[in-house]
Amino acid sequence: MTAKKQQLLIIASLVLITVASAVVLTRPDADTAKSSSQPNIQNTTVKPVLAVTATSPKMSMVTSKVSAHGNIVAWQEASIGTEADGLRLTEVKVNVGDQVNKGQILAVFSSATLQAELDLSRADKAEAEALYAESQADLKRTTELKSSGALSSQQIQRYITAAQSAKARLEAAKARVKTQELRLAQSLVLAPDQGIISARTATVGAVLPSGQELFRLIRGGRLEWRAEVSSDDLSKLHPGQTAQITLSDRSSIQGSLRMLSPIVDTQSRNALVYVDLKSKGTARSGMFARGQFELGSTEVMTLPLSAVQLRDGFSYVLLIGADSKVIQTKVNTGRRTADRIEITSGLKLSDQVVTTGGAFLGDGDVVRVIAEQKSAEKTAVTYPGADSGPMM
């Protein structure tokens, strides 16, 4: 073998050794790459979006109520006017808001003319009494002479007629005196009943015609609430029921239903109910007020108010499923109390719903239920991993 062939053989051997070494060295990397190219099949756990408190519906006693609204008005209002015609008002003794008693003098008219007319009528009466007495004396003498025949029947009849005429004139004079006494009494304007003066138009110096209104009086100072209720609720009400009335200044008074209106307004489909106020408080005639009539208590399914969300005009709750995912569920609600609301449909007593934190959740979110705190502090809404302090 020549030297050239030996040299080629050595080079070929070195190349084969190098290739074999490279294959041996790179095989683990290939296996590693193969194993790393396979997907990592591991069980991943979805983290909860929010930590919330939960509750279940429960049966509670809820009071049925009928809401109403209306005005506070006078139970009865008396119009006080003048009966004297053409007299001048000389004195006004009361003003708006004054408490008056029955028969109390409210205003005084000038009475000089009336007094003069009364004196004249009394003089006419005195004259009529004298003429009547004279006619009675003549009639007595005529009766005594009737049996003697000294007087004719025509003369006797004349005396009898004169006596009757004198009596009639006396009665007319008495009537005129009584009329003038009444007119004089009418110069004093008296309160027809006990109550509160609610309006005054009387002005000193005015000359008023008969029938002109001077004052308005709230009889007995008594007010009532005339409230409008729906015709659908009218059948639920009856006299004697208690009403809780809230005034415009947020103060509250009680009333008792006295009467239901016999008619329903054809436009509004509402009916008036009349409620006597047990105490006036700050109520004033003409004031607007809202109120409720208590109908009784029934046991119904309820939830805390915070568990019900109002969205797009409908009521929803977030129902917690077995996989801790929340399901937005539409419910129908009814009556409310201070902290709970009636659920009429959409839930069962065994369902569990989100109590707090619902405003931050959407349909399908995963939540972590935490125990509700029993302390006086409000339960804080916390996110996983956040500080335990209340979220600001």
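**Group meeting: a walk through the predicted chain**

Okay, so the chain we have here has three helices and 21 strands. Keep in mind that this is a predicted model. There are 392 residues in the chain, and 30% of them count as buried. Its exposed surface comes to about 24500 Å², with carbon and sulfur atoms supplying 53% of that. On the contact side, take the contacts with a separation of 6 or more: 75% of them involve residues 24 or more positions apart.

Let's start with a sheet. Four strands make an open, antiparallel one, and the order is β3-β10-β8-β5. Which strands stand at the edges? That's β3, residues 77–81, and β5, residues 99–100; each has a single partner strand, so one side of each is left without a neighbour in the sheet. Then look at β8 and β10, residues 195–200 and 213–219: they run antiparallel and are joined by five bridges. If you want one pair to click on, Ala 199 has Arg 216 in β10 as its bridge partner.

Stay on Arg 216 for a second, as its side chain also meets that of Glu 213 in a salt bridge, at 2.7 Å from N to O. Buried or exposed, or something in between? Arg 216 is partly exposed, at 26% relative accessibility, and Glu 213 is partly exposed too, at 25%.

Now the helix I'd like you to see, α3, residues 153–185. It has 33 residues, and at 1.5 Å a residue it should span 48 Å; the end C-alpha atoms are 48 Å apart, so that agrees. Which of its residues are buried? Ile 156, Ala 163, Ala 166, Leu 170, Ala 173, Val 177 and Gln 180. As a reminder, an α-helix has 3.6 residues a turn, so residues three or four places apart point the same way.

On to the cores. In soluble globular proteins, nonpolar side chains tend to be buried together. Here the largest nonpolar core has 24 residues, and the ones with the most contacts inside it are Ile 72, Trp 225, Ile 245, Leu 247, Val 273, Leu 277 and Phe 293. Where does it come from? The elements giving two or more residues are β2 (58–74), β11 (223–230), β12 (242–246), β13 (252–260), β14 (270–277) and β15 (288–304). Apart from that core lies another one, of 20 residues, including Leu 87, Val 100, Leu 106 and Ala 107.

Last topic, charges. Searching the whole structure turns up 13 salt bridges. One of them pairs Arg 258 with Asp 276, with the closest N and O atoms 2.6 Å apart. Arg 258 sits in strand β13 and Asp 276 in strand β14, so this pair ties together parts that are 18 residues apart in sequence. How covered are they? Arg 258 counts as partly exposed at 29% relative accessibility, whereas Asp 276, at 19%, counts as buried, since the cut-off is under 20%. And the pair isn't on its own: Arg 222, Glu 224, Arg 226, Arg 258 and Asp 276 are linked in a network of salt bridges.

One more to finish: Glu 91 forms a salt bridge with Lys 93, the closest N and O atoms being 2.9 Å apart. Glu 91 is partly exposed at 35% relative accessibility, and Lys 93 is partly exposed at 43%. That's my tour, thanks.

Key. Residues are numbered from 1 along each chain as its sequence is written. This is a predicted model: local features need pLDDT of at least 70, side-chain atom pairs count only at pLDDT 80 or more; totals for chains, interfaces and linings use all residues. Side-chain values use heavy atoms; hydrogens and water are left out. Buried means under 20% relative accessible area, exposed over 50%, partly exposed in between (1.4 Å probe, protein chains only). Contact means heavy atoms within 4.5 Å. Accessible areas come from the Shrake-Rupley method with a 1.4 Å probe; for residues, only the protein chains shown count as cover. Two strands pair if DSSP finds at least two bridges between them. The expected span of a helix is 1.5 Å times one less than its number of residues. A nonpolar core is a set of buried Ala, Val, Leu, Ile, Met, Phe, Trp, Tyr and Cys residues joined through side-chain atoms within 4.5 Å. A salt bridge is a side-chain nitrogen of Lys or Arg within 4 Å of a carboxyl oxygen of Asp or Glu.
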